[in-house]
Amino acid sequence: MINKPAGKAATSTPCRVTVCRGCCCGDAAKIPGVDHAGQIPRLRAALDGAAPVRASECLDVCDQANVVVVQPSPAGRAAGGRPVWLGLVNDDDALADIAAWIRAGGPGLAEPPGVLDLYAITVSRRVREGLEG
């Protein structure tokens, strides 16, 4: 069962967000028409301090650029939440949906908006462990 926290104070340690900025993610030649440089600042602003956002080198799922990984908070993990990998995150509507979900608690604590199902990707264990380990 997913419990929705009342707000930012509901979890002491927030989710963590990783945005790929390696060889293909963030590359205007691969994905033209996207303000790649502004994507991370816009996500941070939409999160309004609810979770830290970090950039990572290549996460090795280049065919899904731009990739965002949402790791659950400790409370979310205890409730069964696992990291959620999202691909093709190339518009501000997707960033807003991701931010709203994280502000509601993220993996394990809040159901993601249904539209995020369109962005969810499955990656190999090797790739997952590279980020988590």
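# Worked exercises on a predicted protein model

Read along the sequence, the protein follows the pattern β-α-β-β-α-β-α-α, where helices (H or I, at least four residues) and strands (E, at least two) are DSSP runs, numbered from the N terminus. This is a predicted model, in which local features need pLDDT of at least 70 and side-chain atom pairs count only at pLDDT 80 or more, while totals for chains, interfaces and linings use all residues. Residues are numbered from 1 along each chain as its sequence is written, and side-chain values use heavy atoms, with hydrogens and water left out.

## Exercise 1: the overall make-up

State how many helices and strands the protein has, and what share of its residues count as buried.

Solution. Begin with the secondary structure, which comes to 4 helices and 4 strands. Then apply the accessibility classes, in which buried means under 20% relative accessible area, exposed over 50%, and partly exposed in between (1.4 Å probe, protein chains only). With these cut-offs, 43% of the 133 residues of the protein count as buried.

## Exercise 2: the nonpolar core

Describe the largest nonpolar core, and identify the elements that each supply at least two residues of it.

Solution. Start from the rule: a nonpolar core is a set of buried Ala, Val, Leu, Ile, Met, Phe, Trp, Tyr and Cys residues joined through side-chain atoms within 4.5 Å. The largest such core has 21 residues, and those with the most contacts inside it are Val-17, Leu-43, Leu-47, Val-70, Val-89 and Ile-102. Next, turn to the elements: strand 1 (16–20), helix 1 (36–47), strand 3 (68–71) and helix 3 (92–103) each supply at least two residues of this core. Helix 3 gives the most to this core, with 6 residues. As background, nonpolar side chains in soluble globular proteins tend to be buried together.

## Exercise 3: the salt bridges

Find how Asp-35, Arg-42 and Asp-92 are linked, and explain what the pair of Asp-92 and Arg-42 ties together.

Solution. A salt bridge is a side-chain nitrogen of Lys or Arg within 4 Å of a carboxyl oxygen of Asp or Glu, and by this rule the count comes to 2 salt bridges. In one of them, the side chains of Asp-35 and Arg-42 meet with an N to O distance of 2.9 Å. Arg-42 also forms a salt bridge with Asp-92, the closest N and O atoms being 2.7 Å apart. Asp-92 lies in helix 3 and Arg-42 in helix 1, so the pair ties together parts that are 50 residues apart in sequence. Asp-35, Arg-42 and Asp-92 are therefore to be read as linked in a network of salt bridges. As for accessibility, Asp-35 is partly exposed at 44%, Arg-42 is partly exposed with a relative accessible area of 28%, and Asp-92 is partly exposed at 43%.

## Exercise 4: unusual backbone geometry

Locate the cis peptide bond, and then place Asp-48 and Leu-88, whose phi values are positive.

Solution. For reference, most residues other than glycine have a negative phi, and most peptide bonds are trans. The peptide bond from Ala-65 to Asn-66 is cis, with omega near 0°, and Asn-66 is found in the loop between strand 2 (53–56) and strand 3. Turning to phi, Asp-48 has a value near 50° and sits in the loop between helix 1 and strand 2. Leu-88 has a phi near 60°, and this residue is found in the loop between strand 4 and helix 3. Leu-88 counts as partly exposed, at 42% relative accessibility.

## Exercise 5: pairs separated in sequence

Give the C-alpha separation of Ala-75 and Gly-108, and of Ala-100 and Pro-112, with the place of each alanine.

Solution. Ala-75 lies in helix 2 and is partly exposed, with a relative accessible area of 36%. The C-alpha atoms of Ala-75 and Gly-108 are separated by 7.8 Å, although these residues are 33 residues apart along the chain. Ala-100, in helix 3, is partly exposed at 34% relative accessibility. From Ala-100 to Pro-112 the C-alpha to C-alpha distance is 8.6 Å, with their positions 12 residues apart in sequence.
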